[in-house]
Structure formats: C-alpha cells, structure tokens
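Please take a moment to look over the sequence and the model, and then follow the aromatic side chains through the paragraphs below.

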Amino acid sequence: MKSFMNRKNRWKGRLTVRVSGENPERFFNLCSFHGILLEAVEKKRDGIYFFMKAEEFFHAGRLARKARVKLRITEKQGLPFFLRRSRKRIAFYAGILCCLGLLYASSLFIWDIHVEGNTKYTDSTLLKFLEEKGYVHGMAKSGILCEDIEKEIRNYYEDITWVSAEISGNRLIIRIKENPLIDLKGISDMEAGGHDVTATKSGTVISIITRAGTPLVHSGDVVEPGQTLISGNLEIFDESGTLLKTEEVQADGDVFAATVYHYQEEFPLAEQKKYYTGEKKERNYLWIFGHRLFLPGGKNHYQQSDEVDSYEILHLWENFYLPLGWGRVTAREYQDAVKVLTKEEAETEAERRFQAYCTALLDSGAKITDSSFHVTVGIDSCKVTGTVYAEESIGISGES
C-alpha cells in the first residue's frame with residue numbers, strides 16, 4: 001500500500017483503516033455522499049485498506065454501522081498521535097527546546113576573546129585594556145564594530161603597527177603585529193611630507209627601484225633620516241630635452257640601504273629576585289555567563305604571591321563557545337631576595353640582551369650582515385656595547 005501524507009494531514013493526523021463486511025461498496029458511497037475523502041484504497045485478503053483524516057473517523061463510524069461493515073484502525077500517523085505517545089516524555093522534549101533556545105541566545109553574544117601575534121604584551125594586559133573600553137565577555141555581537149577596536153588598540157599602543165579584529169561564530173579574534181624598533185614619531189613627521197618617499201634612518205644606498213616619481217639618490221649615496229629619496233614631482237621633457245611640465249604624483253619605490261646600529265646598555269649586578277617557597281594554593285571556580293563563581297577552599301592568604309589563572313570554556317566547535325566553563329587560580333607564595341650576579345653570569349646576561357636586540361631587528365625586517373659586542377663587568381654594574389651591520393628597506397612614502 002503506497003504511503004503518502006501531505007503537510008495538512010501531518011499536522012492534523014492521518015489514519016490507516018481496514019474495512020470488512022458484506023457490503024463495503026455502500027460504505028464507500030455513503031462516504032462520498034457526505035464528503036469524506038478516502039485515499040489510496042487497496043483491496044487485500046483480509047479487507048479493504050485506505051487512508052483518511054483522523055478528525056473524520058467518528059463520522060465514518062456512523063456510516064459504517066448503516067452499511068453494516070466494520071472499521072478497524074491499523075496505523076496512526078501525525079503530530080496529535082506523536083504528542084499523545086510522548087506525553088510521558090514531555091520534560092525531555094521541553095529540555096531539547098530549552099537547549100536549542102539557549103544555543104540560539106548564546107550565538108548572539110561574545111563568549112571568548114582571543115588574541116594572536118602578541119609577544120611584548122600579555123593576553124591579560126590586552127584583555128584588561130579591552131575591558132576598560134567596554135569589550136568584555138558576554139557583550140552583544142550587535143554592539144561591536146571591529147574597526148573601532150582596531151583604532152583603539154593602534155592609538156593606545158604605539159609599537160603595535162598592525163591590528164585586525166573579526167567576529168567568528170561567537171568569538172572575537174584579534175590579531176596584532178608588534179614592532180619594538182619603529183620610531184613612530186619620526187615616521188609621522190615624515191608622512192607629513194606629502195607625495196615623496198623619504199628615508200626613515202641613515203644609511204648607504206645599496207639599490208633603488210622606482211615605480212613612480214623621480215629618484216634623487218643613487219647606489220652608494222649616504223642618506224640621512226628625513227631625506228627625500230624619490231620625489232613626487234615628475235618632470236616631463238620633450239625630445240630636445242626641454243622641460244614641458246611637472247606633474248605631482250604619489251612617489252612609489254623600494255630603497256634598500258646598508259645601516260649601522262650602535263647598541264649600548266648597562267644593568268646592575270644586584271637584581272631583585274623572587275624566591276618561591278614552594279607553598280601554593282589552588283582555587284577552583286565555575287565560569288558562567290562571563291562571571292567566576294569560586295568553589296569553597298583554596299583562598300589566597302599569602303602576603304606576596306603570583307597568581308596564574310587557567311580556564312577552559314565549553315565549545316561545540318572551533319568558533320562556537322558556550323557561556324559555561326571552569327577554571328583554576330593557582331597562587332604561588334614568594335619572598336623578595338637580592339641576587340648578585342657573578343662575572344660569568346653577568347657576561348651571559350649581557351650576551352642574552354644583545355642577542356634579544358638582534359632578534360628584534362630581524363623581526364622588524366632587517367637582514368643582519370655582521371655584529372659584534374663587548375662586555376665590561378664593573379663593581380656594581382655590567383656594561384655591554386655592540387655594533388650591528390644590516391641591510392634593510394629605509395624608504396617610506398607619505399600621503400597627501
């Protein structure tokens with residue numbers, strides 16, 4: 001028997017009925033006369049089967065008695081019968097609906113703020129700054145403008161040169177790029193120069209590639225910060241060499257130069273150190289809708305301690321987080337102590353600082369060709385001096 005059900009019957013319910021008796025033809029005629037629709041009528045050995053609307057069965061029953069036939073329901077389908085069978089599980093289905101509602105509500109808010117690319121500034125520092133600006137866990141996604149976040153971070157942190165903020169799922173993902181060596185004040189002064197490409201630092205020009213504008217320096221020239229490398233004034237000559245006109249264009253090009261960095265730093269041999277006693281306290285908490293609910297026990301009573309907060313937020317997939325989680329705050333007790341570096345320790349620390357300076361240069365885009373340093377250990381302090389030879393791009397174009 002072919003089974004089918006339209007949308008209307010699905011909501012109101014449909015019955016599969018078997019009719020048996022001596023005169024089923026009269027029953028079918030009565031149903032037709034009274035407007036009762038019987039569908040997919042099929043004759044089998046034990047009777048005739050058909051589909052009908054559940055709401056018309058009682059009327060059909062009276063007609064069956066007139067026709068002296070018997071009706072028997074063999075199958076019930078549709079929402080009314082499903083609800084009747086499920087009435088003992090109403091709490092289960094209500095829970096499913098409640099969960100779906102919570103998932104939808106959670107998708108409208110930000111439950112995780114993730115920072116990438118930061119080395120100088122810790123996650124907690126940047127999250128605290130964002131919190132002061134009103135960007136917190138649990139805020140509505142509709143109230144977030146990623147362009148404003150990018151502008152706020154760039155304006156406050158001068159050594160963060162690039163910021164990207166985006167909302168993915170219910171996460172706010174912030175990617176940054178730091179440049180600890182960039183002289184922002186000098187660059188901003190040069191940018192006021194208009195359409196020219198100017199030098200950001202002194203050096204000896206190695207090569208120059210001009211895409212737009214007029215080059216004013218050549219390979220081997222020594223340049224100073226702020227000097228114009230490629231002019232935005234483009235001179236146009238005729239075949240005889242006569243100047244026809246001068247057009248102002250946005251100068252564009254790459255200027256590479258050999259640069260020299262002179263490093264000097266002095267640090268005391270006696271340094272304040274934290275001596276950890278080995279005592280620690282762990283305090284667990286539940287993270288619910290952006291708030292921490294601490295469980296009993298593990299409270300920090302130390303006079304001096306470091307606290308490390310580690311937490312985990314529940315998520316269904318990578319970028320869909322729930323407003324539920326747990327975490328632990330670990331407090332480690334310490335005491336202040338003064339440590340005096342030996343000569344060997346001071347020399348090791350001096351080398352570490354110089355190598356960190358070179359690494360920062362590499363991160364800024366410079367290619368180091370040679371470097372050297374000298375360490376002088378005194379009575380109370382250690383002095384390290386060094387020279388770094390590099391090759392790098394020194395041109396920056398201004399905007400009108």
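A residue is called buried when its relative accessible area is under 20%, exposed when that value is over 50%, and partly exposed in between. In this predicted model, tryptophan 111 has a relative accessible area of 5%, so this residue is buried. Phenylalanine 109, in contrast, has a relative accessible area of 30% and is therefore partly exposed.

A pair of aromatic rings is described by the distance of the centres and the angle of the planes. Ring centres must lie within 6.5 Å to pair, and planes that are neither under 30 degrees apart nor over 60 degrees apart count as tilted. The count by this rule is 16 aromatic pairs. In one of them, the centres of phenylalanine 27 and phenylalanine 28 are 5.8 Å apart and the planes meet at 55 degrees, so the pair is tilted. Phenylalanine 109 and tryptophan 111 also form a tilted pair, with 6.1 Å from centre to centre and 45 degrees between the planes. Ring pairs join Phe109 and Trp111 with Trp287 and Phe289 into a cluster.

Aromatic rings also appear beside charged groups in this model: lysine 274 lies over the face of tyrosine 334, 4.7 Å from the ring centre, while the charged end of arginine 353 sits over the ring of phenylalanine 267, at 4.3 Å from its centre.

Turning to the surface, Phe289, a member of the cluster, also belongs to a nonpolar surface patch of about 630 Å², together with Leu286, Leu293, Leu295, Leu314, Leu324 and Trp326. Tryptophan 326 is found in strand 19, which covers residues 320-340, and its relative accessible area is 45%, so tryptophan 326 is partly exposed.

Note on methods: Residues are numbered from 1 along each chain as its sequence is written. This is a predicted model: local features need pLDDT of at least 70, side-chain atom pairs count only at pLDDT 80 or more; totals for chains, interfaces and linings use all residues. Side-chain values use heavy atoms; hydrogens and water are left out. Rings of Phe, Tyr and Trp (its six-membered ring) pair if their centres lie within 6.5 Å; planes under 30 degrees apart count as stacked, over 60 as edge-to-face and the rest as tilted. Buried means under 20% relative accessible area, exposed over 50%, partly exposed in between (1.4 Å probe, protein chains only). A charge sits over a ring if NZ of Lys or CZ of Arg is within 6 Å of the ring centre and within 35 degrees of the ring normal. Patches are made of residues with over 30% relative accessible area and no salt bridge: like charges are joined within 9 Å, nonpolar side chains (Val, Leu, Ile, Met, Phe, Trp, Tyr) within 5 Å. Accessible areas come from the Shrake-Rupley method with a 1.4 Å probe; for residues, only the protein chains shown count as cover. A salt bridge is a side-chain nitrogen of Lys or Arg within 4 Å of a carboxyl oxygen of Asp or Glu. Helices (H or I, at least four residues) and strands (E, at least two) are DSSP runs, numbered from the N terminus.
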